[in-house]
Amino acid sequence: MAKSTTLSFGSVLLLGINGIIGSGIFLLPGTLFKAAGWASLATIGLAGLATLMIAMNYAVMASKIDEDGGAWLYANQAFGPHAGFQIGWFSWFLGVITISTEIAAFLTTLSGFWPAAQHRSIYISVALAILGGITILNVFGPGTMKVIDDLSSAVKVGLILLFIIGSGLMIAAHGHTGSPVVGAAGHDLVGAFTTAFYMFTGFSFLPVAAKQMRNAERTLPRALIVVMVVVTVLYLLTQFLTVTLLGLQIAAEKLPVAAAFMRVVGPVGRGVILAGMLVSTLGVAIAVSFDTPVELASLTTEKKLLPREFGQQNRFGAPIVALLATMVLAAGLVLSGSYLFLVNLIVLSSFVQYISTVLATFKLRNDTTLPRGVRLWGGRTIPALSLVLLAYLILQFNPVTYAIGIGFAAVGELVYWADDRRKRRQAN
């Protein structure tokens, strides 16, 4: 009998770091600086701390509920199938938006090599071609996912380390090369914090893997702390070095890290960063595209919360209906929204899951029918602070973001109601 895979502490750390670092650190330093100036460094640090606090709630639930699925399973256990469905519906939406966001990041990066990619017709054509290719890969090549995921993870972490080391050495030797930035600070600290928060949202993949960890009750909290510290330090260094190298020019740069590295080693440096970003962003989009349809299908196959058609698989084992639904919605999002707009949708969808998980922690923390699991320091203090923070931040979005979130929830209600009605009719 084959042994199940057990993740060591080192493997857990790599999983967490790779899951969190995405396109944001390469594209958002200028946005953060325009919003908050040098205080953007503080917003990154606070976002890392806030995310760690929320992640600890996930650690509790993952150690109590030994199933794949994450937030929607916790909501299902705590509040019933209706709540579980809506959180699962938004979990799927988060995956779809992530695919769209990474493709938007790819196209933004591509414009650094090929300016014509910014033209609407070319943007649409390339985006649809990428989505078509990803769809075909999902249908016929699921075995390549791990290779693609490993490659993109190695590239993005390698790029950040290359940038930090190279830029740090240059600044140490010659000082900064950008225009002075003293007094150039913006005042939108909440907006900067929300943007910085996006860069940490991938943490939720780590607690879901709790059942594969050796001594999860001890490993997971320690790993979350170390991962958040490491990622926060990498983000802070990247932000500091980018601002130092570019100065006020950072406000005009769509590709700030690439522009900053050009100050270090010339045009070759810019090309290296852009090429690595293309590999990384496309790799993340492909990797997420494998998981997202499976998550939608799991609402049918595991808890029967969706019409059975969503669980249908083709002869290669791909959930074909869920896959097509994922790609059609991803196409609509990537063609209708900018990168920053999609970032806001990711944060909103993440908050829906975070709030449900924190509430589930309150309800199930002392449930005697479940394993004891991880116990948080301070009892209810961390869940309470998490809930207050999320309740405040979720009120900061613009009306369009709210409208899309409410509309998506309403569509989910219709799907759930129609399926429930059909099941009742068949039962009678």
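The exercises below work through the fold, a salt-bridge network and several single residues of a predicted model.

Local features rest on residues with pLDDT of at least 70 and side-chain atom pairs on pLDDT 80 or more, whereas totals for chains, interfaces and linings use all residues. Residues are numbered from 1 along each chain as its sequence is written, and side-chain values use heavy atoms, with hydrogens and water left out.

**Exercise 1. Describe the overall fold and how compact the protein is.**

Step 1. Begin with the secondary structure, which comes to 17 helices and 0 strands (DSSP runs numbered from the N terminus, H or I of at least four residues for helices and E of at least two for strands). The radius of gyration is 22 Å, close to the 22 Å that the globule rule gives for 428 residues, so the protein is as compact as a globular protein of that length; the radius is taken over C-alpha atoms, and the rule is 2.2 Å times the number of residues to the power 0.38.

Step 2. Turn to the outline and the surface. Taken along the principal axes, the C-alpha atoms fill a box of roughly 75 × 50 × 50 Å. The accessible surface comes to about 18100 Å², of which 67% belongs to carbon and sulfur atoms (Shrake-Rupley method with a 1.4 Å probe; for residues, only the protein chains shown count as cover).

Step 3. Consider the interior. Buried residues make up 55% of the 428 residues, where buried means under 20% relative accessible area, exposed over 50%, and partly exposed in between (1.4 Å probe, protein chains only). Among contacts between residues at least 6 apart in sequence, 82% join residues at least 24 apart, a contact being heavy atoms within 4.5 Å.

**Exercise 2. Trace the network of salt bridges that includes Arg 422.**

Step 1. Apply the rule that a salt bridge is a side-chain nitrogen of Lys or Arg within 4 Å of a carboxyl oxygen of Asp or Glu; the count then comes to 4 salt bridges.

Step 2. Take the pair of Arg 422 and Glu 309, whose side chains meet at 3.4 Å, N to O. Arg 422 lies in helix α17 (residues 399-427) and Glu 309 in the loop between α13 (267-301) and α14 (320-336), so this pair ties together parts that are 113 residues apart in sequence. Arg 422 is partly exposed at 21% relative accessibility, and Glu 309 is partly exposed at 28%.

Step 3. Continue within helix α17. Arg 422 also forms a salt bridge with Asp 419, the closest N and O atoms being 3.5 Å apart, and these two residues are 3 places apart, about one turn of the helix. Asp 419 in turn meets Lys 423 in a salt bridge of 3.0 Å, N to O, and that pair, 4 residues apart in α17, is likewise separated by about one helical turn.

Step 4. Recall that an α-helix has 3.6 residues a turn, so residues three or four places apart point the same way. Asp 419 is buried at 4% relative accessibility, while Lys 423 is partly exposed at 33%. Together, Glu 309, Asp 419, Arg 422 and Lys 423 are linked in a network.

**Exercise 3. Decide whether Ser 349 is buried or exposed, and name its contacts.**

Step 1. Locate Ser 349 in helix α15; its relative accessible area is 0%, so Ser 349 is buried.

Step 2. Leaving aside neighbours within four places in sequence, Ser 349 is in contact with Phe 90, Phe 93, Leu 94 and Ile 97.

**Exercise 4. Work out how far helix α12 is enclosed by the rest of the structure.**

Step 1. Count the buried residues of α12 (residues 256-265): 7 of its 10 residues are buried, so the helix is largely enclosed by the rest of the structure. Those buried are Pro 256, Val 257, Ala 258, Ala 259, Ala 260, Phe 261 and Val 264.

Step 2. Look just after α12, where Gly 266 takes a positive phi of about 85 degrees.

**Exercise 5. Give the setting of Trp 377.**

Step 1. Place Trp 377 in the loop between α15 (339-364) and α16 (381-393); at 54% relative accessibility, Trp 377 counts as exposed.

Step 2. Identify the nonpolar surface patch of about 440 Å² that Trp 377 makes with Ile 225, Val 229, Val 233 and Leu 237. Such patches are made of residues with over 30% relative accessible area and no salt bridge, with like charges joined within 9 Å and nonpolar side chains (Val, Leu, Ile, Met, Phe, Trp, Tyr) within 5 Å.
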